[in-house]
Protein chains: 2
Amino acid sequence: MTDTPRQRQHRQTMADILRLAHQQLAAEGTAGLSLRAIARELGLVSSAIYRYVPSRDELLTLLIEESYTAYGDAVEAAESRIRRDDLGRRWLTIGRAVRRWAVANPAEWALLYGSPVPDYQAPPERTTAAGSRVPLLVLAVLADADLKPSADDPPMTAALHRELDRLRPQFPGDLKPEVLTRGLLAFSSLCGLVSLELFGQFTNTVTQFPGHLDHQLTRLGAVLGLPEPS
Amino acid sequence: MTDTPRQRQHRQTMADILRLAHQQLAAEGTAGLSLRAIARELGLVSSAIYRYVPSRDELLTLLIEESYTAYGDAVEAAESRIRRDDLGRRWLTIGRAVRRWAVANPAEWALLYGSPVPDYQAPPERTTAAGSRVPLLVLAVLADADLKPSADDPPMTAALHRELDRLRPQFPGDLKPEVLTRGLLAFSSLCGLVSLELFGQFTNTVTQFPGHLDHQLTRLGAVLGLPEPS
DNA sequence: GGAAAGCAAGAGCACTGCTCTCTCAAATAC
DNA sequence: GTATTTGAGAGAGCAGTGCTCTTGCTTTCC
């Protein structure tokens with residue numbers, strides 16, 4: 001009710017722009033993003049696009065926000081379907097969901113976890129929260145597992161210990177530094193595995209990707225200290 | 001003796017081009033690579049650059065080749081200084097050397113392990129050998145450790161097992177599939193840790209990078225089944 | 001009804017990769 | 001030693017990019 005036809009039109013055009021941008025991203029990658037091409041497909045003259053998106057960088061930021069949201073939604077949705085006490089399966093499900101989303105949206109994955117776009121800094125206040133959702137999900141599993149530091153945890157420097165101690169309030173479950181680093185390793189490994197697959201570093205080595213990922217996720221589950229999926 | 005002044009001049013210009021290209025890469029990232037800018041700095045007109053480099057893609061390939069070589073040299077040199085029987089330290093040294101090179105050459109790291117450049121496929125015959133040097137170094141450590149499959153190794157599908165079995169001749173030490181996947185996990189994790197640091201995903205979390213990496217490398221050494229560095 | 005704000009068009013600037021033609025000098029062949 | 005081939009650079013030009021500025025029209029608001 002409160003919105004005029006013009007506002008509706010504006011929102012519609014904006015949505016069209018983002019839709020076409022995602023399409024371009026999928027088809028041509030980050031560098032293929034062209035404001036002019038979007039304008040052309042919308043039947044607009046090139047300068048008109050700037051009524052909606054002030055710059056290419058802003059379009060990139062919008063795409064990153066949307067991608068983080070879709071990515072977080074997908075992984076959270078998958079994980080939420082698992083029984084809370086099946087901790088091993090929750091981790092396995094997170095890993096599989098991350099890969100599934102990445103394989104389905106390789107250009108978006110590259111945007112989120114690939115090389116930073118030159119001369120462009122994503123504004124942290126608009127991306128860090130959305131980007132933390134998946135790692136936080138991993139830490140939530142660790143928190144529910146109520147893990148204790150063990151003798152197997154390698155030593156760490158006092159400075160690192162202090163730093164991780166200071167981060168405790170930001171994370172669920174008051175995780176001790178030794179446990180927190182297990183989560184960081186698990187998430188880093190997952191990103192590494194997915195990125196190496198998507199960016200083609202495994203060509204002529206592994207092709208059985210889902211099986212390989214499951215194998216490694218299970219291994220990492222043991223490193224984390226989680227029970228086997230039941 | 002066998003080369004004319006003209007050939008010498010050509011090689012010199014070629015070297016200048018690559019030097020400037022690396023500079024540009026460091027300053028502006030992959031997308032900042034501009035043949036015209038290189039020509040300008042060499043005092044050449046823009047078309048003259050094509051006497052030396054047939055296309056931007058070819059320049060990218062040359063940069064990737066050079067980068068893989070420098071990267072492989074750096075890591076191999078570091079690892080070769082460690083006593084052969086100190087297997088834990090060899091792995092730790094590889095990891096540290098990878099990070100050190102990446103931190104010193106972030107744009108090159110992004111070129112090798114970051115998002116693929118759109119519309120560009122590195123010709124495998126010119127990059128896979130150079131790109132395999134560091135992972136092969138990891139596998140060489142595993143080979144020297146003479147590791148056996150253990151009950152801790154997670155199960156894997158028959159298809160994955162077959163595939164890894166077929167790869168055995170390509171790798172040093174006739175590694176069994178269960179051991180090979182440990183190496184793949186270690187290398188993937190290392191890449192993930194380094195990329196997440198360099199690409200800024202750890203901002204506002206970890207800043208004690210060397211200490212954190214050592215901690216995780218030690219953890220991974222245990223997963224690999226290597227003894228502690230002596 | 002008049003003022004204000006929103007939207008689109010068009011021209012233009014500086015940049016990119018790349019192609020084509022032309023000229024000149026150096027290396028090679030006879 | 002002359003003639004010919006080859007390599008290097010210059011210059012114009014094409015199609016594309018992000019982005020700015022001015023101009024005109026239409027919708028919204030008061």
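**Entry 1: helix H9 of chain B**

I count as a helix a DSSP run of H or I with at least four residues, and I number helices from the N terminus. The model I am reading is predicted.

I went to helix H9 of chain B first. H9(B) covers residues 177-198, which makes 22 residues. I looked up its span from first C-alpha to last and found 31 Å. That is close to the 32 Å expected at 1.5 Å a residue.

Is H9(B) mostly covered or mostly open? I found it mostly covered, with 20 of its 22 residues buried.

Then I stepped past its end. Just after H9(B), B:Gly200 takes a positive phi of about 85 degrees.

**Entry 2: chain A as a whole**

I listed the elements of chain A next. Chain A has nine helices and zero strands. From the N terminus on, I read α-α-α-α-α-α-α-α-α.

I checked the extent of chain A. Its C-alpha atoms fill a box of roughly 65 × 45 × 35 Å along the principal axes. Chain A has 230 residues, and 42% of them count as buried.

I also looked at contacts in chain A with a separation of 6 or more. Residues 24 or more positions apart account for 73% of those contacts.

**Entry 3: how the two chains relate**

I laid chain A on chain B. The RMSD came to 0.0 Å. The operation is a turn of 180 degrees with a shift of 0.0 Å along the axis. I note this as the relation of a two-fold axis.

Which residues does each chain bring to the contact? I found 44 residues from chain A and 44 residues from chain B. On the side of chain A that touches chain B, helix H5 (106-113), H7, helix H8 (177-198) and helix H9 (209-224) each supply at least two residues. H8(A) gives the largest share, nine residues. By class, I sorted this side of chain A into 17 nonpolar, 22 polar and five charged residues.

Why do I say that the copies meet through the same surface? Because 100% of the interface residues of chain A are also interface residues in chain B.

**Entry 4: one residue, A:Thr157**

I picked A:Thr157 for a closer look. A:Thr157 lies in the loop between helix H6 (124-145) and helix H7 (158-167) of chain A.

How many other C-beta atoms lie within 10 Å of A:Thr157? I found 14, so A:Thr157 is partly exposed. The class runs between the cut-offs of 12 or fewer for exposed and 20 or more for buried.

I then set aside its neighbours within four places in sequence. A:Thr157 is in contact with B:Gln208 and B:Gly211.

**Entry 5: the two DNA strands**

I started with DNA strand C. I found 22 residues around it. A:His10, A:Ser47, B:Arg36, B:Ser47 and B:Ser55 come nearest. H1 of chain A and three helices of chain B, namely H1, H2 (35-41) and H3 (56-80), each supply at least two residues of this surface. I sorted the surface into eight nonpolar, eight polar and six charged residues.

I turned to DNA strand D. Here 21 residues surround the strand. The closest are A:Arg36, A:Ser47, B:His10, B:Val45 and B:Ser47. From chain A, helices H1 (5-28), H2 (35-41) and H3 (56-80) each supply at least two residues of the surface, and so does helix H1 (5-28) of chain B. I sorted the residues near strand D into seven nonpolar, eight polar and six charged.

Notes
Residues numbered from 1 in each chain as written. Chains lettered and ligands numbered in written order. Predicted model: local features only at pLDDT ≥ 70, side-chain atom pairs only at ≥ 80, totals over all residues. Contact = placed C-beta atoms within 7 Å. Near = placed C-beta within 6 Å. Nonpolar A, V, L, I, M, F, W, Y, C, P; charged D, E, K, R; others polar. Least-squares fit on C-alpha atoms with pLDDT ≥ 70 in both. Expected span 1.5 Å × (residues − 1).
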